[in-house]
Amino acid sequence: MKSKLTIALLLLVYNLSGQINITGKVTDKKGIPIIGANVYLEGTYDGSSSDETGSFSFTTSETGQQNFIVSFLSFETYTLNKDVSEMKNLNVILKEDVNSLGSVVLNAGSFSAGDNSKASVLTPLDIVTTAGSAGDYIAALQTLPGTSNASEDGRLFVRGGDANETNIYIDGLRVFQPFLATTNNIPTRGRFSPFLFKGTNFSTGGYSAEFGDALSSVLQLNTIDEPDQEKTDLQFINVGLGGGNTQKWDNSSLSVNAFYINLKPYQGLIEQRVKWITPYESLSGETVYRHKFSNDGLLKVYGGLNYANFELIQDDINTTEGVNFGLKNRNLYLNASYKGNLKNDWDIATGASFANDENDIKIDDTTVDDTENSFHFKLKLRKRFSNQFKLSFGAEQFLNTFSEKAEIPSIDTFNTTYDNHSTAVFTEANIFFSKKLALQVGVRGVHNTLLNYSKISPRTSLAYKTTSKSQISLAYGDFYQAPQQDVLKYNSMLEPEKSSHYILNYLYQDNGRTFRAEGYYKSYKSLIKFDTEIPEFGSNFNNNGDGYAAGLDIFWRDNKSIKNLEYWASYSYLDTERDYKNYPNRATPNFAAKHNLSLVTKYWIKDWKSLISTTYNFSSGRPYNDPNESVFQNQKTRTFNAVNFSWAYLISQQKILYFSVSNALDFNNVFNYQYSNTPDANGNFSRRAIRPNADQFFILGFFWTISDNKTDNQLDNL
Amino acid sequence: MKTVLIILSFLTATTINAQAAYEKGMTKAFELWETKTPDEAINLFERIAKAEKENWLPFYYAAQVHIVTTFGIKDAEEIELRLKKAQNFLNEAKTFSKNNAEIMIMEAMLNTAYVAYNPSVYGPALSAKVEELYQKAKALQPKNPRAILYHAEWKMGSAKFWGKDPKAFCPEIEKAILYFEKETHDTPFYPKWGKNQVKRVQQSCQ
């Protein structure tokens with residue numbers, strides 16, 4: 001009897017009295033039918049595709065509550081839990097997936113280079129195959145609009161801001177000394193080898209609340225998550241040699257590299273305008289370890305150590321014998337970051353960086369020894385409430401200690417120290433109203449213990465997709481930055497400097513062609529002023545400076561029109577004045593030329609197996625001050641012109657011969673003038689032109705990659 | 001006892017039924033693909049994959065149909081969409097079958113599709129990855145004819161680019177033909193495609 005009952009029950013369940021027909025229609029928000037959507041009951045074989053009218057119909061033998069699913073490319077998956085018997089004439093409206101391609105991008109102010117970013121205007125390869133960059137990650141960015149050409153410095157001058165107004169981050173963590181130590185008029189370069197990075201985001205304004213303590217710009221560099229293969233790279237160039245090796249295991253990898261530079265043989269051959277006593281010499285080593293956890297979390301640990309040493313005699317209008325300057329620098333940088341997913345759509349990104357920087361400086365018979373230790377810790381959490389709404393928040397701690405001992409014979413020994421610590425919190429919401437309209441709103445609060453200030457800065461950006469190929473975006477933000485080391489040494493009573501950005505961006509992208517125009521206005525407040533030639537003990541400091549920068553940045557790139565040729569052109573118009581440092585009134589600083597133009601071309605000649613790159617840089621005259629004139633800073637240098645050329649010849653797939661020359665046409669460029677402190681007998685101040693140390697720089701190199709698969713090479717590092 | 005037996009026999013019947021449904025579904029999906037309705041095929045593979053759970057094959061084929069479809073279209077956005085979707089399917093497949101040479105070969109093809117549609121952007125970024133995937137697949141299954149054939153085709157392509165003789169890889173194709181002949185599998189619907197591509201790849205050997 002019992003068994004009969006069981007059988008009866010089982011039959012009832014098993015045989016599912018007949019079939020149920022599920023019907024309905026799939027459309028988008030506007031009611032336009034979606035053809036080919038996948039319509040089915042979850043966990044069963046029962047389903048169908050929607051037809052030309054968006055309609056569907058299929059039968060099922062399931063009963064009771066079931067999950068009815070509709071999925072389609074670039075739309076969010078739709079789920080309905082209902083009794084199957086009620087699944088008749090369903091009206092399914094699919095929501096566009098705002099994460100899919102073709103969505104609007106919040107991009108005002110920024111340039112991205114990477115495979116994954118939808119608003120990428122450059123690829124990582126572009127950055128390093130640019131002629132004139134000579135393997136320096138930073139130099140290539142100087143061909144983008146918004147930057148001012150200051151090739152005697154080497155750092156980034158963004159939209160009327162000086163080089164200190166740009167901060168650099170690796171994997172979200174601050175880099176404290178991103179540039180090699182150098183002196184006036186000897187251009188520096190980035191400390192990091194280009195092949196460690198897979199992507200770059202260069203923001204020339206209006207950046208996220210995640211970043212602070214920078215008035216003008218933030219450059220984010222992201223290291224490679226997983227190297228493609230095990231390999232050994234060797235580099236032999238006329239100014240040094242280097243090598244690197246990458247090892248891979250199941251879930252982790254290790255890369256090490258080292259580079260030695262010695263300019264002595266080169267400077268023996270090519271005439272220099274400064275007299276080198278000890279030509280530039282540096283030794284650097286880097287290592288990166290990456291580990292992927294079973295939960296997909298990714299840990300990256302980076303360590304870099306760098307020694308540099310040089311001594312030279314710089315011309316000076318005030319002393320016939322020149323100024324003897326010597327520098328020994330040691331820099332240690334450690335960076336560890338972790339990124340992972342937590343439960344319930346939470347993401348975590350956290351990490352810490354540490355830098356120890358020591359300089360032994362000699363200026364004639366004065367010696368200066370300084371030591372700086374810096375630490376950054378960051379924790380950022382992000383919750384995805386839906387594809388339309390994400391909220392992130394985080395906290396940061398910065399510790400910075402500086403000590404300096406300056407010995408001036410016949411005067412005294414001066415000891416200076418300070419502890420410049422700050423704590424910041426930030427939060428930001430990302431809202432996609434639709435695939436076409438997105439908003440980001442954020443706020444950042446910071447407290448600095450040295451200067452004892454607390455500041456709140458709002459940030460916001462909005463983007464609207466006007467057509468499938470174009471969009472406009474707006475950004476606004478307030479930015480604060482603590483005074484620099486040269487001021488903090490002598491004064492800790494100041495307020496931070498402040499800027500506000502207003503940005504309007506237009507972007508057009510069509511299959512290999514990009515046009516980007518961005519107009520901006522930036523106001524400066526509370527800029528630091530002092531009453532001596534340079535900040536020194538006894539200078540009177542105040543926050544009474546101010547200024548503005550307004551301009552238009554244009555970028556055009558085309559990879560399609562001419563076969564094997566890629567090129568981009570950037571133009572920046574900049575109108576800026578500021579009253580800062582020891583300026584008597586508002587004036588345009590020396591680094592800010594009104595017009596900057598770059599034209600970058602890369603031509604691949606298949607038959608020669610050669611990549612030929614050229615870069616043309618133009619800047620209008622740069623302002624300088626002539627004490628013989630009554631108006632401050634009202635003179636202009638001649639225009640700046642340079643054509644850089646490089647040729648990479650692929651001997652075989654893994655061996656590259658490389659040649660480059662900067663300023664190939666040998667233009668005679670002047671950056672600035674130095675005037676004597678005292679007038680001559682006729683009451684005139686005499687002057688000296690500040691020019692490059694050498695008009696041209698030649699690089700000849702051989703790059704060899706050894707790997708099992710024999711396909712990789714170092715073209716992307718040149 | 002009797003009850004248990006009855007229930008057991010019913011359960012077996014259910015399993016056999018599910019097995020039959022799987023075979024019917026997969027066969028139908030391949031038919032849809034052959035009759036030039038690839039999107040319907042993808043939808044069906046996806047439905048089977050979701051219903052089956054723990055089976056990498058339907059995900060694998062859903063990805064393959066997307067990848068193969070991109071070779072015939074020009075619209076950049078559609079290509080990127082399909083390849084992204086294909087990568088998601090392959091990621092799902094990988095969670096059910098780790099260290100699977102066939103999935104690696106399919107992933108190599110997916111990356112080749114990126115390179116084929118935009119060589120200047122994806123060539124430098126993905127070439128090393130394609131190579132590594134083929135090498136890993138061959139290390140796992142040295143006699144996999146698809147790994148050998150498509151790796152040879154990939155190498156021939158790069159030999160042509162570098163001005164070298166692609167014929168150096170022709171013996172590999174002969175090897176692939178041999179392994180295609182010997183290929184047998186107990187698992188139904190296990191990948192066995194590729195043999196009909198031999199002629200096309202061999203054109204460079206004339």
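This passage describes a sheet in chain A and the nonpolar cores of a predicted model. Residues are numbered from 1 along each chain as its sequence is written, and chains are lettered from A and ligands numbered from 1 in the order in which they are written. Local features need pLDDT of at least 70 and side-chain atom pairs count only at pLDDT 80 or more, whereas totals for chains, interfaces and linings use all residues.

In chain A, four strands (DSSP runs of E, at least two residues, numbered from the N terminus) form an open sheet in the order E3-E2-E5-E6 with antiparallel pairing, two strands being paired if DSSP finds at least two bridges between them. Strand E3 (47-49) and strand E6 (78-83) of chain A are the edge strands, each pairing on one side only. Strand E5 (residues 65-71) of chain A is joined to E6(A) by six bridges, and A:Asn67 has A:Asn81 as its bridge partner in E6(A).

The largest nonpolar core (buried Ala, Val, Leu, Ile, Met, Phe, Trp, Tyr and Cys residues joined through C-beta atoms within 7 Å; buried denotes 20 or more other C-beta atoms within 10 Å of the residue's own, with C-beta atoms placed from the backbone) has 56 residues, of which B:Ala29, B:Phe45, B:Tyr60, B:Ala62, B:Ala63 and B:Ile105 touch the most other members. Its largest share, eleven residues, comes from H5(B). Apart from this core lies another, of 48 residues, among them A:Tyr137, A:Phe202, A:Tyr333 and A:Ala549.

B:Ser158 is located in helix H7 (residues 145-161) of chain B, helices being DSSP runs of H or I of at least four residues. The C-alpha atoms of B:Ser158 and B:Ile48 are separated by 38 Å.

Methods:
Buried ≥ 20, exposed ≤ 12 C-beta atoms within 10 Å, placed from the backbone.
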